[in-house]
Amino acid sequence: KIQEQKNNIPEGKIIFEPEGIFRKDYTNSWTFLQRKLKPMEFKAAFTLALMAKANTNTLEPLNDETTIPELMEILNISKNMVKPILDKLWNLGVYGKFEVRDASKPYTKYWIFNPYLSFSGRLLQSDIASLFSGTECAKAFRDPEYN
């Protein structure tokens, strides 16, 4: 008779939503954004965070070809606010634009969300992390007092 293996879940604990996505969010970076952004801008950043694809942080389908009406709908902001908000988020390093012609890498066509804010998945391409290492958000990630 094969003896049943006892699971490693401590008594009084459960695996909560085992089908859910494991996501990492970084408080220092988000707190920095909360200080720097107006509520509508913060909401737009958070919307992008929710869009980020697991393991690559791509913001597919968003790229430089995405139209203003599409961005208005996705971010739920007015036409006149799309460019100023996205410019501010880009300047703070909330997302990046990275494009090379390499069909083997799915993250080379779309905007990418900064993994120093949020990331879902187990492994991240090191070149994606290095793209964002000097951004304002990455500095805040490393230093909670960064302003």
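## A loop, three salt bridges and a pocket

Let me begin with Pro61, which sits in the loop between H2 and H3, and which is joined to Glu60 by a cis peptide bond with an omega of about 15°. Please keep in mind throughout that what we are looking at is a predicted model.

I would like to stay in that loop for a moment. Asn55 is also found in the loop between H2 and H3, and although Asn55 is not a glycine, its phi is positive, at about 75°. Asn57, which lies in the loop between H2 and H3 as well, is another residue other than glycine with a positive phi, in this case near 60°. Are these two asparagines buried or exposed, or something in between? Asn55 is partly exposed, with a relative accessible area of 37%, whereas Asn57 counts as buried, because its relative accessibility is 1% and the cut-off for buried is under 20%. Thr58, again in the loop between H2 and H3, is buried too, with a relative accessible area of 3%. From Thr58 to Gly96 the C-alpha to C-alpha distance is 9.3 Å, although 38 residues separate the two in sequence.

Let me now step back to the overall layout. The protein has 6 helices and 4 strands, and if one reads along the sequence the pattern runs β-α-α-α-α-β-β-β-α-α. Of its 147 residues, 35% count as buried, and the protein exposes about 10,100 Å², of which carbon and sulfur atoms supply 53%. If we take the contacts with a separation of 6 or more, 62% of them are accounted for by residues 24 or more positions apart.

One residue that illustrates such long separations is Ser29, which is found in helix H1, residues 27–36. Ser29 is buried, with a relative accessible area of 0%, and, leaving aside residues up to four places away in sequence, Ser29 touches Tyr116, Leu117, Cys137, Ala140 and Phe141. Ser29 and Pro144 are 115 residues apart in sequence, and yet their C-alpha atoms are 7.7 Å apart in space.

I turn next to the salt bridges, of which a search of the whole structure finds 3. In one of them, Glu41 pairs with Lys88, with 3.1 Å between the closest N and O atoms. What does this pair tie together? Glu41 lies in helix H2, residues 39–51, and Lys88 lies in helix H4, so the salt bridge ties together parts that are 47 residues apart in sequence. The two partners are not covered alike, since Glu41 counts as buried at 8% relative accessibility, while Lys88, at 28%, counts as partly exposed.

Another salt bridge is formed by the side chains of Lys97 and Asp64, at 3.6 Å from N to O. This pair links distant parts of the chain, with Lys97 in the loop between strand E2 (95–96) and strand E3 (112–113), and Asp64 in the loop between H2 and H3, 33 residues apart, which brings us back to the loop where I started. Here both partners count as partly exposed, Lys97 at 45% relative accessibility and Asp64 at 47%.

The remaining pair is Lys83 with Asp87, whose closest N and O atoms are 2.9 Å apart. Because Lys83 and Asp87 are 4 residues apart in helix H4, about one helical turn separates them. Lys83 counts as exposed, at 56% relative accessibility, and Asp87 is partly exposed, with a relative accessible area of 34%.

Finally, I come to the largest pocket, which has a volume of about 190 Å³. Which residues are closest to its centre? Of the 13 residues that line this pocket, the closest to the centre are Leu71, Leu86, Asp87, Lys97 and Trp111, and among them are two that we have just met in salt bridges, namely Asp87 and Lys97. The elements that give two or more residues to the lining are helix H3 (68–75) and helix H4 (79–92), and it is H4 that contributes the largest share, 4 residues. By class, the lining has 6 nonpolar, 3 polar and 4 charged residues.

Definitions and conventions. Residues are numbered from 1 along each chain as its sequence is written. This is a predicted model: local features need pLDDT of at least 70, side-chain atom pairs count only at pLDDT 80 or more; totals for chains, interfaces and linings use all residues. Side-chain values use heavy atoms; hydrogens and water are left out. On a 1 Å grid over the protein atoms alone, a cavity is a set of points where a 1.4 Å probe fits but cannot get out, and a pocket is an open set with protein on both sides within 12 Å along at least five of seven lines; lining residues have an atom within 4 Å of a point. Grid points are joined across faces, edges and corners, and a volume is the space filled by probe spheres set on the points. Ala, Val, Leu, Ile, Met, Phe, Trp, Tyr, Cys and Pro count as nonpolar, Asp, Glu, Lys and Arg as charged, and the others, Gly among them, as polar. Buried means under 20% relative accessible area, exposed over 50%, partly exposed in between (1.4 Å probe, protein chains only). Contact means heavy atoms within 4.5 Å. Accessible areas come from the Shrake-Rupley method with a 1.4 Å probe; for residues, only the protein chains shown count as cover. A salt bridge is a side-chain nitrogen of Lys or Arg within 4 Å of a carboxyl oxygen of Asp or Glu.
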